Amino acid sequence: MNFTCNKPVTAVIVNYNSGPLLASCVHAVLQQVRQVVVVDNASSDTSLTELENKLSSEKLLHIVRLHNNVGFAAGCNAGLKLSTQSLILFLNPDCILQGNSMQRMVQVIESDTHIGMVGGFLVNPDGSEQGGGRRAIPTPWRAFVRAFGLYRLEKFWPHLFFDFHLNNKPLPLVPIEVEAISGALMLVKREAIDDVGLWDEDYFLHCEDLDLCMRFKQKKWKIVFIPDAPVVHFQGTCSHSRPFFVTWHKHKGMLRFYRKFFQRQYPPMLMGLVSLAVWSRFGVAVMFLSAQYCYRLLKIKI
């Protein structure tokens, strides 16, 4: 099966045990780009085998097999080094591009020389909007507002009690500039990422996308959310089998993000409270996951 496309895009897909979704993801994206690079983080399932069985003759597809799991950011960088096009699409293997989503994203990113990154409309399989597709940066203050429910005061003091969960707001009718988008679906200009720098490999999983968005904004590159470029995201496919591992790296990433970008902007006492809040949140998450695990064991025994 051979695909042709005139969009100057390399799709970089970092895979880890995504099962049959990987082949579906690659099949959909091959119809809309010029090159696909799949970086496999030492998967132990059949995802690569299924991909090769279905698309082994596809000349636009390049597969990189890593000997160990280096994390999402390092995987993206490995794929980026093999990319040949002027636009790079970082795409999760559990995302399925819809219709002409790529064409629309390319149209928007090429409409303004100051736009460095765009993201499409991430939806759940049931068609509802998924959180993270359009985002505001969760600064320490915004995280505090969210944690204590103060976002309910936004209607009275919108700037002070701003809720960074933008998916709770009405869907815009046209592309809009945002502070951040999800790493599950990022189309970036090569000149922009050359200017900003590679993904920060000190993140293993989670928050590396926020880090990249922060650095794009620091370099004055616009980030745009496109509501009419839908992509179905089967969120969590690659991480559901290792919930404790994922939770650990998620909170570790959060702490690195806060320290990297806000350490000098906030008083040491506040940053200490932020660290305490992150690890407290981690403790609660572990207890919840442990309770779920014990419940499943009891159900199996019964």
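This is a short walk through one structure, taking its helices, its aromatic rings and a few single residues in turn. Keep in mind throughout that the model is predicted.

I will start with helix α1, residues 21-30. Eight of its 10 residues are buried, so α1 is largely enclosed by the rest of the structure. The buried ones are Leu21, Leu22, Ala23, Cys25, Val26, Ala28, Val29 and Leu30. What lies over them? The cover on the buried residues of α1 includes the strands β1 (9-15), β2 (35-40), β3 (61-65), β4 (87-91) and β5 (95-97), and also helix α2 (47-55).

Let me stay with that last partner, helix α2. Two packed helices are described by the angle between their axes and the distance between the axes. For α1 and α2, the axes come within 8 Å and cross at roughly 40°. That angle makes α1 oblique to α2. On the α1 side, the contact is made by Leu22, Ala23, Val26, His27 and Leu30. On the α2 side, Ser47, Leu48, Glu50, Leu51, Lys54 and Leu55 take part. Sorted by character, the residues of this contact are seven nonpolar, two polar and two charged.

Just before α1 in the chain there is a glycine to look at. Gly19 sits in the loop between β1 and α1. Its relative accessible area is 11%, so Gly19 counts as buried. Which residues does Gly19 touch, leaving aside neighbours within four places in sequence? Gly19 is in contact with Asp45 and Ser47. Ser47 also appears on the α2 side of the contact between α1 and α2. Gly19 can be compared with Ser44 as well: the two are 25 residues apart in sequence, and their C-alpha atoms are 9.8 Å apart in space.

Now the second helix pair, α7 (residues 208-218) and α8 (residues 243-262). These two pack at an angle of about 15°, and their axes are 10 Å apart. Helices α7 and α8 are therefore roughly parallel to each other. Their crossing is right-handed. From α7, the contact uses Leu210, Asp211, Met214, Arg215 and Gln218. From α8, it uses Phe257, Lys260, Phe261 and Phe262. This set divides into five nonpolar residues, one polar and three charged.

Next, the aromatic rings. How many aromatic pairs does the structure hold? There are 10. I will show two of them.

The first on my list is Trp141 with Phe161. This is a tilted pair, at 6.3 Å centre to centre and with 40° between the planes. The pair links distant parts of the chain, since its members are 20 residues apart. Trp141 belongs to helix α5 (residues 140-147), and Phe161 to the loop between α5 and β7 (176-177). Is each one buried or exposed? Trp141 is partly exposed, at a relative accessible area of 33%. Phe161, with a relative accessible area of 10%, is buried.

The other pair is Tyr258 with Phe262. This one is tilted too, with 6.2 Å centre to centre and 50° between the planes. Both residues lie in helix α8, four residues apart, which is about one turn of the helix. Tyr258 and Phe262 are both buried. Phe262 is also one of the α8 residues in the contact with α7.

Going back to Trp141 and Phe161, these two belong to a wider group. Ring pairs link Trp141, Phe156, Trp157 and Phe161 into a cluster.

I will finish with three single residues. Asn77 lies in helix α3 (residues 72-82). Its relative accessible area is 1%, which means that Asn77 is buried. Not counting residues up to four places away in sequence, Asn77 touches Leu198, Trp199 and Glu201.

The other two have an unusual backbone angle to point out on the screen. His206 is not a glycine, although it has a positive phi of about 85°. It is found in the loop between α6 (190-196) and α7. With 30% relative accessibility, His206 counts as partly exposed. Cys207 also has a positive phi, near 75°, and it too is a residue other than glycine. Cys207 has its place in the loop between α6 and α7. At a relative accessible area of 11%, Cys207 is buried.

Methods: Residues are numbered from 1 along each chain as its sequence is written. This is a predicted model: local features need pLDDT of at least 70, side-chain atom pairs count only at pLDDT 80 or more; totals for chains, interfaces and linings use all residues. Side-chain values use heavy atoms; hydrogens and water are left out. Buried means under 20% relative accessible area, exposed over 50%, partly exposed in between (1.4 Å probe, protein chains only). Contact means heavy atoms within 4.5 Å. Axes are lines fitted to C-alpha atoms, for helices over the stretch in contact, and angles run from 0 to 180 degrees between N-to-C directions. Angles under 35 degrees count as roughly parallel, over 145 as roughly antiparallel, 65 to 115 as roughly perpendicular and the rest as oblique. A crossing is left-handed if the near helix is turned anticlockwise from the far one by less than a right angle, and right-handed if clockwise. Ala, Val, Leu, Ile, Met, Phe, Trp, Tyr, Cys and Pro count as nonpolar, Asp, Glu, Lys and Arg as charged, and the others, Gly among them, as polar. Rings of Phe, Tyr and Trp (its six-membered ring) pair if their centres lie within 6.5 Å; planes under 30 degrees apart count as stacked, over 60 as edge-to-face and the rest as tilted.
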